[in-house]
Amino acid sequence: QVQLVESGGGLVQSGGSLRLSCVASGSFYGLYLMGWYRQAPGKQRELVAYMTSDGIINYDDSVKGRFTISRDNAKNTVYLQMNSLKPEDTADYYCNAKQTIFSAMLFWGKGTLVTVSS
């Protein structure tokens, strides 16, 4: 099992920055994929970015050039640096992970709220 705990959310003005962190713990050898999703009020959960252990990175088009995902595999931690934040980035941000490329199971954190004021 993998437990994920996010931190770093908060209230920021439009144009500001935040850095989210997600720490994984539990019984696992390694995590192939770690990523971030978000869910705004009344909307479906959507992918923000993910990063694999072999360096594959993917961003949603809405955050390209503004957000940067990174990992510290030794600390089982994934980060999301968010710059030039916009009110439409307001959402609950969730960390997720899967253990191998073949894993069907995804693990999720409980989320951290990001609010961007205009």
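**Exercise 1. Salt bridges**

Task: In this predicted model, find how many salt bridges the whole structure holds, and describe the pair formed by Asp 89 and Arg 38.

Solution:
- Step 1. Searching the whole structure gives four salt bridges. The criterion is a side-chain nitrogen of Lys or Arg within 4 Å of a carboxyl oxygen of Asp or Glu.
- Step 2. Asp 89 and Arg 38 meet this criterion, with their closest N and O atoms 2.9 Å apart.
- Step 3. This pair connects distant parts of the chain: Arg 38 belongs to strand β4 (residues 33-39), Asp 89 to the loop between β8 (77-82) and β9 (91-98), and 51 residues separate them.
- Step 4. Arg 38 and Asp 89 are both buried, which means under 20% relative accessible area.

**Exercise 2. A second partner for Asp 89**

Task: Describe the salt bridge between Arg 66 and Asp 89, and state which residues are linked in a network of salt bridges.

Solution:
- Step 1. The side chains of Arg 66 and Asp 89 come together at 2.7 Å, N to O.
- Step 2. Here too distant parts of the chain are linked: Arg 66 sits in the loop between β6 (57-59) and β7 (67-72), Asp 89 in the loop between β8 and β9, 23 residues apart.
- Step 3. Arg 66 and Asp 89 are both buried.
- Step 4. The network of salt bridges links Arg 38, Glu 46, Arg 66 and Asp 89.

**Exercise 3. Lys 64 and Asp 61**

Task: Give the N to O distance of the salt bridge between Lys 64 and Asp 61, and classify Lys 64 by accessibility and Asp 61 likewise.

Solution:
- Step 1. The side chains of Lys 64 and Asp 61 form a salt bridge at 3.0 Å, N to O.
- Step 2. The relative accessible area of Lys 64 is 48%, so Lys 64 is partly exposed.
- Step 3. Asp 61 reaches 62% relative accessibility and therefore counts as exposed; the cut-off for exposed is over 50%.

**Exercise 4. Positive phi**

Task: Locate Asn 76 and Ser 84, and give the phi of Asn 76 and of Ser 84.

Solution:
- Step 1. Most residues other than glycine have a negative phi.
- Step 2. Asn 76 has a positive phi, near 50°. Asn 76 lies in the loop between β7 and β8 and, with a relative accessible area of 26%, is partly exposed.
- Step 3. Ser 84 is not a glycine either, yet its phi is positive at about 50°. The loop between β8 and β9 holds Ser 84, which is partly exposed at 40% relative accessibility.

**Exercise 5. The chain as a whole**

Task: State how many helices and strands the protein chain has, then describe its dimensions, burial, contacts and charges.

Solution:
- Step 1. The protein chain has zero helices and eleven strands.
- Step 2. Its radius of gyration is 14 Å, close to the 13 Å from the globule rule for 118 residues, so the chain is as compact as a globular protein of that length.
- Step 3. The C-alpha trace spans about 45 × 25 × 25 Å along its principal axes.
- Step 4. Buried residues make up 41% of the 118. The chain exposes about 6400 Å², with 50% of that area supplied by carbon and sulfur atoms.
- Step 5. Of the contacts between residues at least 6 apart in sequence, 54% join residues at least 24 apart.
- Step 6. The chain carries 11 positive and 9 negative charges, and their mean positions lie 3 Å apart.

How values were computed
Residues numbered from 1 in each chain as written. Predicted model: local features only at pLDDT ≥ 70, side-chain atom pairs only at ≥ 80, totals over all residues. Heavy atoms only, no water. Helix = DSSP H or I, 4+ residues; strand = E, 2+ residues; numbered from the N terminus. Rg over C-alpha atoms; globule rule 2.2 N^0.38 Å. Buried < 20%, exposed > 50% of the residue type's maximum accessible area, 1.4 Å probe, protein only. Contact = heavy atoms within 4.5 Å. Areas by Shrake-Rupley, 256 points an atom, 1.4 Å probe, with all protein chains shown as cover. Lys, Arg positive; Asp, Glu negative; His and termini not counted. Charge placed at Lys NZ, Arg CZ, Asp CG, Glu CD.
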